[in-house]
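Hi everyone, thanks for making time. Let me put the model up on the screen, and then I'll walk you through it.

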Amino acid sequence: MVFVYTGKGKRGAQGDDAPPEQKNCAKQACNIQWCLAKRGHQERLCQSFIDEWKECVEKAKAEATAQATASNNN
């Protein structure tokens with residue numbers, strides 16, 4: 001899994017060249033980090049957050065593929 005830190009560190013947040021799933025699903029990734037930190041890093045207790053993140057990633061990848069296909073057809 002890829003987790004995304006979106007805090008205000010010196011490096012800044014995400015770059016403009018970040019993959020769409022990273023940009024679109026940052027909130028869900030942060031929710032997973034929060035849940036794991038609060039629940040002793042027990043993944044089973046945060047499964048709903050993980051499932052939500054996976055759905056977001058799948059949706060973002062599908063949208064990116066559809067956009068790439070549409071731009072290739074033009």
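Of the 74 residues in this chain, 20% count as buried, where buried means under 20% relative accessible area, exposed means over 50%, and partly exposed is in between, with a 1.4 Å probe and protein chains only as cover. The areas themselves come from the Shrake-Rupley method. Before going on, a word on where this comes from: it is a predicted model, in which local features need pLDDT of at least 70 and side-chain atom pairs count only at pLDDT 80 or more, while totals for chains, interfaces and linings use all residues. Residues are numbered from 1 along each chain as its sequence is written, and side-chain values use heavy atoms, with hydrogens and water left out.

Now the layout. The chain has 3 helices and 0 strands, so from the N terminus on you read α-α-α; helices (H or I, at least four residues) and strands (E, at least two) are DSSP runs, numbered from the N terminus.

What makes up the largest nonpolar core? It has 11 residues in all: C25, A29, I32, C35, L36, C46, I50, W53, C56, V57 and A60. Helices α2 (26–38) and α3 each supply at least two of them, and the largest share, 5 residues, comes from α3. By nonpolar core I mean a set of buried Ala, Val, Leu, Ile, Met, Phe, Trp, Tyr and Cys residues joined through side-chain atoms within 4.5 Å. As general background, nonpolar side chains tend to be buried together in soluble globular proteins.

Let's zoom in on two core members. L36 sits in helix α2 and is buried because its relative accessible area is 15%. C46 belongs to the loop between α2 and α3, and it counts as buried because its relative accessibility is 0%. These two are 10 residues apart along the chain, and their C-alpha atoms are separated by 6.6 Å.

Is H41, in that loop between α2 and α3, buried or exposed? H41 counts as exposed, because its relative accessibility is 61%. For the torsion fans, phi of H41 is near 55°, a positive value in a residue other than glycine.

Toward the start of the chain, Q14 is found in the segment before α1 (20–24). Q14 is partly exposed, with a relative accessible area of 24%. Its C-alpha is 9.4 Å from that of A26, with their positions 12 residues apart in sequence.

Last stop, charge. D51, E52, E55 and E58 form a negative surface patch. Patches are made of residues with over 30% relative accessible area and no salt bridge (a side-chain nitrogen of Lys or Arg within 4 Å of a carboxyl oxygen of Asp or Glu), with like charges joined within 9 Å. Asp and Glu count as negative, and their charges are placed at CG of Asp or CD of Glu. D51 lies in helix α3 (residues 47–73), and counts as partly exposed because its relative accessibility is 35%.

Notes
Patches are made of residues with over 30% relative accessible area and no salt bridge: like charges are joined within 9 Å, nonpolar side chains (Val, Leu, Ile, Met, Phe, Trp, Tyr) within 5 Å. Accessible areas come from the Shrake-Rupley method with a 1.4 Å probe; for residues, only the protein chains shown count as cover.
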